[in-house]
Amino acid sequence: MNILHRQAMERLSMGKDATKDSLMPGTLEMLILKTLTRSALHGYGIAQYIKQVSDDVLQIEEGSLYPALQRLQVKGWVTSEWALTEKNRRARYYLITPLGRDQLAAESASYDRLIEAIARVMKPA
Amino acid sequence: MNFINKLKELLRRLEFLKRQREFDQDLEEEMGFHLEMKIEENLDNGMSLEEARYAAQRQFGNSLLLREVSREMWKFITIETLIQDFRYGLRMLLKTPGFTIVAVFALALGIGANSAIFSVVNTVLLHPLPYKDPDRLMMVWEDSTKHGFPRDTPSVANYIDWRDQNQVFENMAAMAERSFNLTGVGEPERLDGRRVSASLFALLGVEPQLGRAFLPEEDSPGGNRVVMLSYGLWQRRFGADKNIIGRSLTLNGESYLVTGVMPQNFQFPNNDVALWVPISFNKDELTNRGSHYLQVIARTKPNISLQQVQAEMSTIGARLQQQYPDSNTDIGIEVVPLHEQLVGDIKPALLILLGSVGFVLLIACANVANLLLARAAVRQKEVAVRAALGASRLRLLRQFLTESILLATLGGLMGLLLSFLGVYLLKAFIPANISQAKAITIDAKVLAFTLLVSLLTGLLFGLAPATQASKVNLNDALKEGGRDSASGSQGNRIRGLLVVLEVAVSIILLIGAGLLINSFLRLCNVDPGFRAENLLTMQVVLPELKYADLVRRSAFYDELISRIETLPGVKSAAVINNLPLYRQGNSIGIIIEGRPEPPPGEQPIVTTRVISPNYFRTMSIELLQGRELTKQDTANSTMVTVISETMARRYWPGEDPIGKRISAGRSESGDNWITIIGVVKDVRQFELTADPKSQIYLSYQQTAFFYPRDLVVKTNVEPLSLASAVRNTVWEVDKDQPVSNIRTMETILSESIARQRFSMLLLGIFAIVALVLAAVGIYGVMSYSVAQRTREFGIRIALGAKRVDVLKLAVAESLKLVLIGIVIGLSAALILTRVMSSLLFGISATDPTTFITISLLIISVAILASFIPALRATKVDPMVALRYE
């Protein structure tokens, strides 16, 4: 991901607290993909889901969410279509593709490896 | 699979480009929805409507900017990154001004030369002719190859039959040369004109600028005293007088009515033709099948191919051969598209030049590529850092390519300036008889060409270094004291390859130039058969009306010559119908006494020259046998002739031709016999490159076949200094007699080989430039290699190697590359020079001497170019070298 994107994200995020953890872009995409394996959701819904499931720890800013969603579409990992919500409002729903599932598996695996490696280092000596 | 994915991604991005507005609207709606949901959430949390909206907005952030960023995710390249790359590239180039200047200069030379040559090609080869539907215009010739005249001017009767019998042309017109003496308007002037069919102008599709073209009824013996003027003549002699239409002019002593003036860019058939009159064939001409002097142009019907036209005309030609065996045996018909007629003979030379100059650019690119590679090697650390900071390989590649393209564009701009200079020089030296030579300019097409060449050049020389530079091994490069990674063998390999390429291409160009130079020198050494120094020439064409009979003509020439010979500084003077190397034509068929009559149409055809007695002496043409023509050979004495040695050898091998007799045309009575009284050395009549033809010389007092038109004066002083004196002498004899085309014989000789000289000079220049660039390239690579091997040399010296050995070692490396380049270049040259064979004279396209000489030349240059860096190798201080880290 290029430097411009990263700068953009930094510029746009208006995190409530400075203590909020910031996510690597790759990780954000992974989370979005995982979310979409549950069901198709619109942008707001994706952010809500992650927020709830992570117990308010991970709050995805719109400034990060939408660029990420674009990139996922460009890469062909998700597709989108317009549909009506329960309240009969028009919204864009995102669906994960088979390619996206492959990507998710790969990202997930390398993420696990990373975590494990960190854990080993942090093990009480 | 990965490839397919990348492809699909590409397609998706392209989709976006197509549907941008739709995309924008969708995104706006989507984000609007998101915002609303947020507001609702806030409301649910207990905020007031105001607060809810405010908080949501604030958290959402700048939606406009967000949309922009989202859009950017879809783009291939954002304007921002492009600008970034551009500014970065510019900065880097400015930081190393030495490199930039050298590179830009090399590129400017290459690109500029290409643009200049292309502008010539563009104007001469690519411009459409200024007539309506020029693709349908054809010249129609008699094909008398069997008689030695491949594209011969048709006779009138043949033309008439062609015109009446064909089904493929919608219109046909004929032209014949005619010169006119314009008198009665100040200084008399001889004008080059044409008799033309009345339909010519309609056929070409060009309207007169003033007045009208000829009417059909004017194209007949009765109504033909009308004339149309060229724009140039109208401007020059008549001050662009708008009332010129209807005025009478005195041409050749007769009154002609001006009916029209042609527009400025109309030059038909060439620049020199000043006026047109109706061709109006008289009764004799219409049935004359034996005199060949017309030029025929025709317009094909729409949608007919050249093959169809040629086939039909060949059929007609065959039919005429059957019907008129006496005159038409072995005479076919050749149809040539007008465009090819005008440029066909110059096309190969121009294309070869274009190819050559392309090669020069190639070498320049190789040099710049080498420079860039060396530079990239030095920038490894910078690249590594940027990569670590997150730049993708693609981004880096793009970055370097932008730099290259920037370099190439700067080179291209400078090159464009240089090409203006180049075009100016080219126009000054280009042979005048190349069609549209005067019109060569730099127009939009040339600009577009320059731009395209610059971009391609940038990509060409930038790709390899950019690929090389962006490939980076992070570990190696970031190591403390990490050496330039291009000490890696791959960088060296590419550099070596480039040198080999440069040497090979240089060899091709040098051999080409060498062959042309060789050929030109041989051409210059061809003995024309006469001595060209100190000869003044001019045209003095007597009008037929005034000088209707032989006696009056002869009297004029006699008086003229005797007066001229009394002028101080004049050695002798003479007249002839066609000076050598100047005009073609004027031949007749002959019959040799005592030989069986040849089958019809197979008479020997000899060039015929009508001269005054002093001619051989004036031109220093050697008499080999017998005697010259003298004043005593008059209309009342036996008709005599002097023949050329080729003719003697050909028709009287092993015999003495003196005393033998020939006759012009078919013998009816015995009175036409001409006795051979002498044999002279061959004179090259038409071209230095052509073999001398059989030729007879007749006395101007004895024949009316052809009339002398050219005056030639042998001088003791610089010929042109006597020009006005001689001209005044002509006016002393006849004050109304125009004189034109005053030149020295040396000029005529020189102009006859102008094209060969032009090609030779240009290719020679390109070859030298190529050699210099290649030498610079070798020097560069050698310097670099020596710098790299400093340590190695230091060790060797420390271990006791002699300086000479180190020198040999250093030079050997570059020599290896050069030798490979030579082998490749020679092989390529063997194949490529065949393309040039039509331009060569007296030398084969694979002439071994040239090949060997050039190879030795390049080896010497290479040794020279490697010498200085090699010397540096020997000066390496072992202590310093070993400590160098």
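This is a walk through a two-chain model, from the interface to the cavities and a couple of backbone oddities. The model is predicted, and local features need pLDDT of at least 70, side-chain atom pairs count only at pLDDT 80 or more, while totals for chains, interfaces and linings use all residues. Residues are numbered from 1 along each chain as its sequence is written, chains are lettered from A and ligands numbered from 1 in the order in which they are written, and side-chain values use heavy atoms, with hydrogens and water left out.

Let's start where the chains meet. Counting contact as heavy atoms within 4.5 Å, 32 residues of chain B touch 34 residues of chain A. The size of an interface is often given as the accessible area lost when the parts come together. Here that buried area (accessible area, 1.4 Å probe, lost on putting two parts together and summed over both) is about 3,100 Å², with carbon and sulfur atoms giving 58%. On the chain B side, Glu30(B), Phe33(B) and Met73(B) supply 21% of what that chain buries against chain A, more than any other three residues.

Side chains of opposite charge can pair when their charged atoms come close. A salt bridge here is a side-chain nitrogen of Lys or Arg within 4 Å of a carboxyl oxygen of Asp or Glu. By that rule there are 48 over all chains, and eight run between chain B and chain A. In one of them, Glu40(B) pairs with Lys87(A), closest N and O atoms 3.5 Å apart. Glu40(B) sits in helix H2 of chain B and Lys87(A) in the loop between strand S2 (78-84) and strand S3 (90-96) of chain A, so the pair joins two chains. Helices (H or I, at least four residues) and strands (E, at least two) are DSSP runs, numbered from the N terminus. Glu30(B) has a salt bridge too, with Arg92(A), at 2.9 Å between the closest N and O atoms. Four helices of chain B each supply at least two residues of the side touching chain A: H1 (2-18), H2 (20-44), H3 (49-60) and H4 (63-72). The largest share, 13 residues, comes from H2(B).

Now for the holes. A cavity is a set of points on a 1 Å grid over the protein atoms alone where a 1.4 Å probe fits but cannot get out, and lining residues have an atom within 4 Å of a point. Grid points are joined across faces, edges and corners, and volume is the space filled by probe spheres set on the points. That gives seven cavities of 30 Å³ or more, the largest with a volume of about 90 Å³. Helices H14 (347-378), H16 (393-429) and H17 (444-470) of chain B each give two or more residues to the lining of that largest cavity, and H17(B) gives the largest share, four residues. Among the lining residues are Arg375(B), Phe400(B) and Glu403(B).

Finally, the backbone. The peptide bond from Phe268(B) to Pro269(B) is cis, with omega near -5°, and Pro269(B) is in the loop between strand S8 (254-261) and strand S9 (275-278) of chain B. Over in chain A, Asp56(A) has phi near 70°, a positive value in a residue other than glycine.

Technical notes
On a 1 Å grid over the protein atoms alone, a cavity is a set of points where a 1.4 Å probe fits but cannot get out, and a pocket is an open set with protein on both sides within 12 Å along at least five of seven lines; lining residues have an atom within 4 Å of a point.
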